[in-house]
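Here are my notes for you on this model. Please keep the structure open while you read, and find each residue as it comes up.

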Amino acid sequence: MSARAILLTAGAFVVGTSAYIVSGVLPEISAETGATPAAVGQLATAFSLAYAVGAPLVATLAGRWDRRTLLVAALLAAAAGNALTALAPTYPLLFVGRIVAALGAAAYTPAATLVATSFYPPERRGRAVAIVFGGLTLALALGVPAGSFLGEPLGFRGVFLLVAAAGLASAVGVRLLVPSVPAPPPVTLTERFSVLRERTVQVVLAVTVLGVLGTMSVYIYVVPLLAEFTGATGPVVSILLLVYGLGAIVGNTLGGRATDRFGPRRTLIVVMTVTIAAVATLPFTLLTVAGAATALVAWSLASWAFNPPFQSLILDVAGEQSALVLSLNASAIYLGAGLSGMVGGLVVAGPGVQLLPPVGAALALLGMGVLLVGVRSRTPTAEPAPATGTG
């Protein structure tokens, strides 16, 4: 991987860690601020919803900016938001810090995806997308466990300061080593949302929201799920979560390579089928620690292999509107994440945690049905001929 690709991955790691880190230091935030764990958890919801709303707004306001300039500004905003979170003297200011960090992330992910694809020919588009989402999976696999590990000796403020420092370093690296990439033609906010009138765009965004809901509504409550079915607690849970994260890293890489070899649509059908099966069978596979480890690997491999082919499919079906749809799709991802806590919470508070897997599988199955019925490729590049070599 080239230095510029590593920098894009590092930036995605920073914004991904910023998004996920609250769960890793939740006890420390609750203890220091006096807020209940449930209230602290809403900081993650605030981040997700701010991202969902902010992505199209930021993309419009910064539409004329060179993409490298936008990446640098996004990383600086994420760093500032995390620094504010670290220094916030009151609970409301924690929310402000999360919102600022979310706006930086909302600007970074779509722009980094477009910059990464500019480095590669169309037949290697899947691996280009995997560069960015590789950073997000690393954040899930390593950033959150590291934050949890460092939360006790450093406190949550020290952890957020580390994330802010990493964001600042990434911004400097991008400015020095990533080449300038011209901005796409400017688009007004009205024009940006006008693409929502197109049926294909509606379908794409619906698939994203349903896919995220199907997995995240279950993953958010994976700890009580493990306690309920496996009886796992403490270090065993930490190891199982690390196993999930490592599977996500591998899945993201395999998703990119499979997209380049078999095309996005066929790859999506396979990974969504495996995801649905893995989630639906959790009540049976979580009965032992070994079974839980196997199930979590299969689940994370498939669910995190989803992003490269789906982003590639968007680039295919959206044509000249790819930048607009990628921005809206980024909003859809975080809208799904924000709704996941609510949907999962309703299930847990009602029928109970045992019903989460079938509910999640049903949502993911609905998303797959929408994809199969509603999305058709426009160009032959969507399904390339099998590639040779591993490149």
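1. Start with Leu57. This residue is partly exposed, with a relative accessibility of 35%. That label applies because the value falls between the two cut-offs: under 20% would be buried, and over 50% would be exposed. Bear in mind that this is a predicted model.

2. Where does Leu57 lie? Its place is in helix H3. Look next for Leu103, which is 46 residues away along the chain. In space, the C-alpha atoms of Leu57 and Leu103 are 9.3 Å apart.

3. Now the second largest pocket. Its volume is about 570 Å³. The lining has 30 residues, and those closest to the pocket's centre are Leu114, Pro184, Glu320, Ser322 and Ala323. Helices H3 (37-61), H4, H5, H7 (189-194) and H15 each give two or more residues to this lining.

4. Which helix gives the largest share of that pocket lining? The answer is H5, with 6 residues. Sorted by class, the lining of the second largest pocket has 19 nonpolar, 6 polar and 5 charged residues.

5. Turn to the cavities. Probing for empty space finds 2 cavities of 30 Å³ or more. The second largest cavity has a volume of about 40 Å³. Thr109, Pro110, Thr113, Phe133, Gln311, Leu326, Ala330 and Ile333 form its lining. Two helices give two or more residues each to the lining of this cavity: H5 (91-118) and H15 (322-349).

6. Check the make-up of that cavity lining too. The second largest cavity is lined by 5 nonpolar and 3 polar residues, with no charged ones.

7. Stay with Gln311, one of the residues lining the second largest cavity. Gln311 sits in helix H14 (residues 307-318). Is Gln311 buried or exposed? Its relative accessible area is 5%, so Gln311 counts as buried. Val325 is 14 residues from Gln311 in sequence, and their C-alpha atoms are 9.7 Å apart.

8. Gly134 is another residue to find. It belongs to helix H6. Gly134 is buried, at 12% relative accessible area. Pro308 is 174 residues from Gly134 along the chain, yet their C-alpha atoms are separated by 9.6 Å.

9. How many salt bridges does the structure hold? There is 1 salt bridge. Arg157 pairs with Glu32, and their closest N and O atoms are 2.6 Å apart. Arg157 is in helix H6 (residues 125-177) and Glu32 is in helix H2 (residues 26-33), so the pair ties together parts 125 residues apart in sequence.

10. Both partners of that salt bridge deserve a look at the surface. Arg157 is partly exposed, with a relative accessible area of 24%. Glu32 is partly exposed as well, at 46%.

11. Last, a length check on helix H4 (residues 67-87). The helix has 21 residues, and at 1.5 Å a residue they should span 30 Å. The end C-alpha atoms of H4 are 30 Å apart, so the model agrees with the expected value. The expected span uses one less than the number of residues.

12. Look at the N-terminal end of H4 as well. Asp66 caps this end. A side-chain oxygen of Asp66 lies 2.8 Å from the backbone nitrogen of Arg68.

Notes: Residues are numbered from 1 along each chain as its sequence is written. This is a predicted model: local features need pLDDT of at least 70, side-chain atom pairs count only at pLDDT 80 or more; totals for chains, interfaces and linings use all residues. Side-chain values use heavy atoms; hydrogens and water are left out. On a 1 Å grid over the protein atoms alone, a cavity is a set of points where a 1.4 Å probe fits but cannot get out, and a pocket is an open set with protein on both sides within 12 Å along at least five of seven lines; lining residues have an atom within 4 Å of a point. Grid points are joined across faces, edges and corners, and a volume is the space filled by probe spheres set on the points. Helices (H or I, at least four residues) and strands (E, at least two) are DSSP runs, numbered from the N terminus. Ala, Val, Leu, Ile, Met, Phe, Trp, Tyr, Cys and Pro count as nonpolar, Asp, Glu, Lys and Arg as charged, and the others, Gly among them, as polar. A polar contact is a pair of N or O atoms within 3.5 Å; within protein, one must be able to donate a hydrogen and the other to accept it, and residues adjacent in sequence count only if both atoms are side-chain atoms. A salt bridge is a side-chain nitrogen of Lys or Arg within 4 Å of a carboxyl oxygen of Asp or Glu. Buried means under 20% relative accessible area, exposed over 50%, partly exposed in between (1.4 Å probe, protein chains only).
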